[in-house]
Amino acid sequence: SPEVSGRWDYNQICFLSSVAIDVDGDIGRIYTETPEGFPQLQMVLAHRIGGGEQKNGWTDGVRLNSYERAVSYRVIGTGDKTTDVSSYNFGLLSDPDRMDEIRGKSSLHHAINNLRDVMEILSAEKLGVKMNSLLAMIVKSGNGEVENGFLGKTTEEGTEDSGLRTIEQLYAGAIPRLKAGEDIFAHQGNRPSTTFAGFLDSLYRDVAAGLDVPVEFLWNA
C-alpha cells in the first residue's frame with residue numbers, strides 16, 4: 001500500500017483527499033518511506049495541522065519565511081504532542097480562492113450556519129409531527145374535565161385518570177355519549193406544511209450556490 005496504515009490504495013487516497021478538501025478545506029501528506037526504503041504517504045487531516053504558539057512566522061500550523069513561502073508544517077500527534085515537518089517532506093492539498101491563502105477553507109464555509117439551522121429546524125419539526133401523530137381525537141367539554149364513558153375511566157379508588165387512550169383500547173363502532181356542551185372531533189395535523197418545505201428549499205439553494213452545483217443535484221433530484 002502507498003499509505004502508511006496499509007488501508008488505502010492510491011485511488012482511494014485521491015478520492016478521500018478530494019472529500020477532505022471539500023469538507024475540511026485542506027489535507028496534508030507527509031512523504032516518508034518504509035524501513036526498506038519504499039516510498040509511502042502519511043495523510044494528515046486538517047484538524048491535526050496546527051497547535052503551538054502562533055509566532056516566529058507560524059500561522060495556523062504553517063511557518064512562513066520572509067517571502068511568505070511555507071518552510072515547515074506543525075503536525076499534532078497523540079497527547080497533543082507536535083512535530084514540525086519540513087515543507088520538502090510535506091504537501092498541503094487545497095483548493096484556494098485567493099493568492100494569499102495559507103490554509104484551505106471548507107467549500108461549505110458560506111453555508112455552515114444555514115446547515116446548522118436546517119438540522120435544528122428538522123429536529124423541531126419532527127417533534128411536532130410526532131405530537132400530531134400522538135393525538136388521534138379530541139374531546140371538548142365545557143369544564144375540560146374527563147367524564148366516565150368513551151374516553152374516561154374511574155379507577156377502583158374512585159379517582160379519574162387522564163382520559164388518554166391508545167387505539168388498541170378503542171373498538172370499531174363505538175358510540176360516545178356526549179353531554180350538553182361537549183364535542184368530539186378528529187385531530188387534524190398540518191405539519192409539515194408546504195411553506196415549511198419551501199423554506200428548506202431556499203436554504204438548500206444557498207448551500208448549492210456556494211458549491212457551484214444545481215440544487216437538484218444536492219436536494220431535489
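Colleague: Does D60 count as buried, partly exposed or exposed, and at what relative accessibility?

Modeller: This is a predicted model, and every value I quote is computed from it. D60 has 46% relative accessibility, and because the class called exposed begins over 50%, D60 counts as partly exposed.

Colleague: Where in the chain does D60 lie, and what is the value of its phi?

Modeller: The general idea comes before the case. Most residues other than glycine have a negative phi. D60 lies in the loop between β3 (58-59) and β4 (62-64), and its phi is near 55 degrees, which is a positive value in a residue other than glycine.

Colleague: Which residue in the loop between β4 and β5 (70-76) should I examine in the same way?

Modeller: E68 lies in that loop, and although E68 is not a glycine, it has a positive phi of about 60 degrees. E68 is exposed, with a relative accessible area of 62%, while D60 counts as partly exposed.

Colleague: Moving on into β5, is A70 buried or exposed?

Modeller: A70 lies in strand β5, and because its relative accessibility is 18%, below the 20% under which a residue is called buried, A70 counts as buried. A70 can also be paired with F90: the two are 20 residues apart in sequence, and their C-alpha atoms are 9.9 Å apart in space.

Colleague: How many helices and strands does the chain have, and what pattern do they follow along the sequence?

Modeller: The chain has four helices and nine strands, and read along the sequence they follow the pattern α-β-β-β-β-β-β-β-α-β-β-α-α. As for burial, 24% of the 221 residues of the chain count as buried.

Colleague: How should I read the relation between helix α2 and helix α3?

Modeller: Two packed helices are described by the angle between their axes and the distance between the axes. Here the axes of helix α2 (residues 112-134) and helix α3 (residues 194-211) come within 10 Å, and they cross at roughly 160 degrees. That makes α2 roughly antiparallel to α3, because angles over 145 degrees are placed in that class. The crossing in which α2 passes α3 is left-handed.

Colleague: Which residue is separated from H110 by 9.6 Å, C-alpha to C-alpha?

Modeller: That residue is A209, and the two are 99 residues apart along the chain. A209 is found in helix α3, and with 53% relative accessibility A209 counts as exposed.

Colleague: How many salt bridges does the structure hold, and which residues are linked in a network of them?

Modeller: The idea to keep in mind is a distance between side-chain atoms, since a nitrogen of Lys or Arg has to be within 4 Å of a carboxyl oxygen of Asp or Glu. The structure holds six salt bridges, and D97, E101 and K105 are linked in a network. Within this network, D97 forms a salt bridge with K105, the closest N and O atoms being 3.0 Å apart, and the side chains of K105 and E101 meet in another at 2.7 Å, N to O.

Colleague: What is the accessibility of D97, K105 and E101?

Modeller: D97 counts as exposed at 57% relative accessibility, whereas K105 is partly exposed, with a relative accessible area of 34%, and E101 is partly exposed at 22%.

Colleague: Which residue forms a salt bridge with D100, and how far apart are the closest N and O atoms?

Modeller: The partner of D100 is R98, and the closest N and O atoms are 3.4 Å apart. D100 is partly exposed, with a relative accessible area of 49%, and R98 counts as exposed at 56% relative accessibility.

Colleague: Which residues form a nonpolar patch on the surface?

Modeller: The patch is formed by F15, L16, V19 and V23, which together have about 340 Å² of accessible area. A residue can belong to a patch only if its relative accessible area is over 30%. One member, F15, is found in helix α1 (residues 10-23), and F15 is exposed, with a relative accessible area of 54%.

Definitions and conventions
Residues are numbered from 1 along each chain as its sequence is written. This is a predicted model: local features need pLDDT of at least 70, side-chain atom pairs count only at pLDDT 80 or more; totals for chains, interfaces and linings use all residues. Side-chain values use heavy atoms; hydrogens and water are left out. Patches are made of residues with over 30% relative accessible area and no salt bridge: like charges are joined within 9 Å, nonpolar side chains (Val, Leu, Ile, Met, Phe, Trp, Tyr) within 5 Å. Accessible areas come from the Shrake-Rupley method with a 1.4 Å probe; for residues, only the protein chains shown count as cover. Helices (H or I, at least four residues) and strands (E, at least two) are DSSP runs, numbered from the N terminus. Buried means under 20% relative accessible area, exposed over 50%, partly exposed in between (1.4 Å probe, protein chains only). Axes are lines fitted to C-alpha atoms, for helices over the stretch in contact, and angles run from 0 to 180 degrees between N-to-C directions. Angles under 35 degrees count as roughly parallel, over 145 as roughly antiparallel, 65 to 115 as roughly perpendicular and the rest as oblique. A crossing is left-handed if the near helix is turned anticlockwise from the far one by less than a right angle, and right-handed if clockwise.
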